[in-house]
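Student: Could you go through this structure with me? I would like to learn how each term is justified.

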Amino acid sequence: MKRIVLFALALLLLPLFGCGTETPHSATGYACDTVVTITAYAPQETVDAALSICSDYEKVLSKTIEGSDVWRLNHANGEPVPVDPETAALLSFAVEIGSLSDGAFDVTIAPASALWDFRADDPVLPDPDALRAACERVDYRNIVIDGNTVTLLNGAEIDLGGVAKGYIADRVSAYFQAKGVASACINMGGNVVTIGTKPNGDPWTVGIRDSKGAPDESEEVLSIADGAVVTSGTYERGFTLDGVRYHHILDPKTGMPVSNGLASVTVVGVRSDLCDALSTACFVLGEEASKPLLDRYGVRAVFLYEDGSRGAYPES
Ligand code: ADP
Ligand code: MG
């Protein structure tokens, strides 16, 4: 009996002491079309479990994995579809950012984004008529959410590429926190979330790549404790054809890559789903028009331009 009581007490106290380790452990994998690297002062099995959370969420939020919530929505011919409560909440959030960005961020971009293949060996431009027709189906107001049932109106289709990685990085962070891990850094292809500082008190650091996106060239290095840093950049995914750079952040009105002189937008805040959605939204809006949105959510952004110039809001 005494042993059972002691065991129960140990279990109760465990979260107070956490499951930290003195040396960091890392795991690297591939999820949501990007490299995921997780480092934490936690046992290797905890870090491995965190990595597997990414592929678990990918199975729900991917538009290409058959049977995912998004796949079922996109293949429902406008019929109501019951989805996971987390999917419904994420879609509500995406609609909120859609509305506050006046449609600059729009997760119904799928019909347009599907016409681009940024990974092709011999990339081609989409047919302009097809792109125009696709854009007629792009409008976040076509997402109707009623509890956990979602209906897509007017031929809308969902692509969560602009927010899913940020959302998942937050979920991994929540998992670590529930395990009592006090120090970790999660990087999902440019969506970085940190917990605490390193045990010696040094902050986790995140480099913003220069406007050319060179992997080893950091324009500036940010120190982040308990926060998120998300960058949307033209260099992430795209191709150059006849001297023109085509990249994966699209103007929902035209379905064409946004061409406003920006090379990247980095958003720094607490929640990485928010920073992810806003980095895409602010890229489309441009620096001036982004300010009210950044104010509203109390987050910071760094704007890097193709000509090497830089803006920050609030200024720093
Ligand atoms: P990354 O995938 O590099 O993190 P972003 O977060 O900026 O980059 O998201 C770009 C992805 O979001 C695209 O690959 C596409 O799936 C989707 N997308 C493109 N344009 C928009 C847009 N205007 N609004 C919402 N999602 C978009
Ligand atoms: Mg984004």
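Tutor: Let's start with the magnesium ion (ligand 2), whose donor residues are spaced G-x113-D-x3-T in sequence. This is a predicted model, in which local features need pLDDT of at least 70 and side-chain atom pairs count only at pLDDT 80 or more, while totals for chains, interfaces and linings use all residues; side-chain values use heavy atoms, leaving out hydrogens and water. Residues are numbered from 1 along each chain as its sequence is written, and chains are lettered from A and ligands numbered from 1 in the order in which they are written.

Student: What makes G162 (O), D276 (O), D276 (OD) and T280 (OG1) donors of the magnesium ion?

Tutor: Donors are N, O and S atoms within 2.8 Å of the metal (3.2 Å for Na, K and Ca), and water is not among the atoms, so sites may look incomplete. Those protein atoms lie 2.0 to 2.5 Å from the ion, so they meet the definition.

Student: Why does the pair G162 and D276 tie together parts that are apart in sequence?

Tutor: G162 lies in the loop between β5 (149-152) and α7 (164-178) and D276 in helix α8, so the parts tied together are 114 residues apart in sequence. Helices (H or I, at least four residues) and strands (E, at least two) are DSSP runs, numbered from the N terminus.

Student: How do you know that K165 and S232 make polar contacts with ligand 1?

Tutor: A polar contact is a pair of N or O atoms within 3.5 Å; within protein, one must be able to donate a hydrogen and the other to accept it, and residues adjacent in sequence count only if both atoms are side-chain atoms. An oxygen atom of ligand 1 is 2.8 Å from a side-chain N or O atom of K165, and for the side chain of S232 the value is 2.6 Å. Both pairs therefore qualify.

Student: Which residues are closest to ligand 1?

Tutor: The closest are D106, D159, K165, S232 and L250, among 18 residues that surround the ligand. Being near means having a heavy atom within 4 Å. Helix α8 (residues 272-285) gives the largest share of this shell, three residues.

Student: What does D139 touch, beyond four places in sequence?

Tutor: D139 touches D106 and T108, where contact means heavy atoms within 4.5 Å. D139 sits in the loop between α6 (128-135) and β4 (143-146), and a polar atom of its side chain lies 2.9 Å from the backbone nitrogen of R141.

Student: Where does pLDDT stay under 50?

Tutor: Over residues 1-18. pLDDT is the predictor's confidence in each residue, from 0 to 100. Where it is low, the predicted coordinates should not be read in detail. For the protein chain, the mean is 92, and 93% of residues reach 70 or more.
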